[in-house]
Amino acid sequence: MAARVGDDKATQRVHQITVESADVHQWQRPFAEGLLAWLATDDNNLRAKAVELLGHATVSEDGWGHPAATPAAPADSTLAAQIAERAAGFLEDDDDAGSSQATAKLLHTWLPTIGHHAAITPGALVSTVTARAVGNAAHTCLDLAADAASIMADLPEQDAAVCAVAIVGNLHDPIVTEAVRDALVEAVVTYLRHTQHSEEPEVREAAGTCVTALTASLNQPDERGAHARRWLPALMTTQQGRAEGSRLADQLMMVLGNYNQPHIAEVLEGLQVLFRDPDLRAAKLAVALQHLQNWIGSAPVPAVAFAAHHAQDAAVTVTWLSWIAQFWQQLQPHVRTLAVAAADRSDLRETALPSLLVQQILDGNDTTAWAHAASVWDKVAPNQQASLLAAANGRCPDLAERANEAAHTILNDALDFADTEQLPALLGLIAGSGQFTEAVCGHVQQHLADRDWDAARMADVVTAGADSPSVWGVLLEEAGSDQTTLGHATSLIGALIAANPDCVPAAFIEHMGAALQTAAPANASALGQAVRPLPDLARRLGRQLTGQGKTSEGKERMRAFKSAAGIR
């Protein structure tokens, strides 16, 4: 096979015959020696063909036995190790993306079988030369950069460390595109996550080198700085990255002395990323705010927005809270939502923030803000308290405790504010309050004469658990006011009887009998329908119409009531 080097047609023919006759030769040593000869040439096309053929081969545990004649070969090396080292050299030399990926795949595939074999290079294993080759070549094409993470995961710790250090050393090579650079960083961050608990000195040293490389120029306005800031969130998911948090925060805060810089927004965002670590935030937030306080006269909004992210933190003083309130309308909605966490602060009353926070809870789309509704409750006016109850819709069960302490007027207002969708959850939230019955009675009395009467809604309110004698008292007292009120009261009487037939008070006949005697036929029919489930009550009420058959109006009233009540 080696004799055919340089003859492209012959090479193609050898390739074809080799693949087609694999069942015969079974990739035994002579073929491996021939492919080693191809890999030893300077002809990259031939080397690529060798890699392609080797991709079909299955390497035995003994690696095809001892290496081919080489003066420097260690005694415990193998032919397969010799081939792998040649392939690794080809990977570093190759400028073709397709064959580079194929070579890396071959080396990766062979790692479990011969990764521990001694290479020809003194003191190195196959895994070592693979690590160096992948690390030195990963930046040359996107596919190879993307594969680097999985290859490093299968390398021994020390070899993976060598690979990672080589990768970060080439991050800013002039040939590296943004897409390749992103893939390389992702591979290194993945490596850091896999090794974050390692105690090996080589691994820890490599991790430090990687973090330093990934954060170089972090506070600079150039391309390298922008890339470092963009990947900072990913880096901070690693233990090694978090360990450098204090240094990185100091590095970024050096820029805060001048707000008028093109990358200042990215710097602030980077600090926010770092301050997700509670220990680092406790140590550095106050320092950052001291820098930003100098911006209030010239660039207040970005400074206030930064503080609003941490409004619940004691480092954000009452002065900062007042500035947040002052510039509230200029803050982005998601920043306002973050500021809602300040609701838990006892000093919030010293500012104009409470009502703004409630409005954000009510208007915002982030349901997590509702977790703070109960905390801000006692810092706002009754109308906003009622709005919170009405709009909670199951998002803040803790408001039930606040409702238990609320005046009936607040509960009544909440019943007014709740829409049809919100009403069931509101009733469940406030039904346990000692003021619920008084609120329902006031609500019924307030709306019985409304033109835009919603019978179904009001029925839900009066049957939600209020003390029925009190509700009955309102209905019986108001029923005779006029025909509109009588019609509305009758619909609620029907709902109460349907919900609890035993709840009808003794005074029912006295009050409703008087109302029935002057009821319009439609109201008489509605009242008959309401008492139909209770035949005895219906007959007793019907006797109140005795003598009405003398007039046509009375006859119509009697017919309407008795027909609806089921009285013959």
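The following dialogue explains how to read pockets, cavities and a helix packing in a predicted model.

Me: What should be known about the model before reading it?
Reply: The model is predicted, with residues numbered from 1 along each chain as its sequence is written, and side-chain values use heavy atoms, leaving out hydrogens and water. Local features need pLDDT of at least 70 and side-chain atom pairs count only at pLDDT 80 or more, while totals for chains, interfaces and linings use all residues.

Me: How is empty space found, and what is the volume of the largest pocket?
Reply: Rolling a probe the size of a water molecule over the atoms shows where empty space is left. On a 1 Å grid over the protein atoms alone, a cavity is a set of points where a 1.4 Å probe fits but cannot get out, whereas a pocket is an open set with protein on both sides within 12 Å along at least five of seven lines. Lining residues have an atom within 4 Å of a point. A volume is the space filled by probe spheres set on the points, which are joined across faces, edges and corners. Here the largest pocket has a volume of about 410 Å³.

Me: Which residues lie nearest the centre of the largest pocket?
Reply: They are Leu268, Glu269, Gln272, His309 and His334, out of 20 lining residues. Helices H16 (264–274), H18 (300–308) and H20 (333–339) each supply at least two residues of this lining; helices are DSSP runs (H or I, at least four residues) numbered from the N terminus. H16 gives the most, with six residues.

Me: How many cavities of 30 Å³ or more are there?
Reply: There are two, and the largest cavity holds about 60 Å³ of space. Among the residues lining the largest cavity are His172, Arg224, His227 and Trp231. Helix H12 (223–230) and helix H11 (201–214) each give two or more residues to that lining, and the largest share, three residues, comes from H12.

Me: How are two packed helices described?
Reply: The description uses the angle between their axes and the distance between the axes. Axes are lines fitted to C-alpha atoms over the stretch in contact, and angles run from 0 to 180 degrees between N-to-C directions. Helix H28 (residues 455–462) packs against helix H30 (residues 483–499) at about 45 degrees, with axes 9 Å apart. H28 and H30 are therefore oblique to each other (under 35 degrees is roughly parallel, over 145 roughly antiparallel, 65 to 115 roughly perpendicular and the rest oblique).

Me: Which residues of H28 and H30 meet?
Reply: Ala455, Met458, Ala459 and Val462 in H28 meet Ser491, Leu492, Ala495 and Leu496 in H30, where contact means heavy atoms within 4.5 Å.
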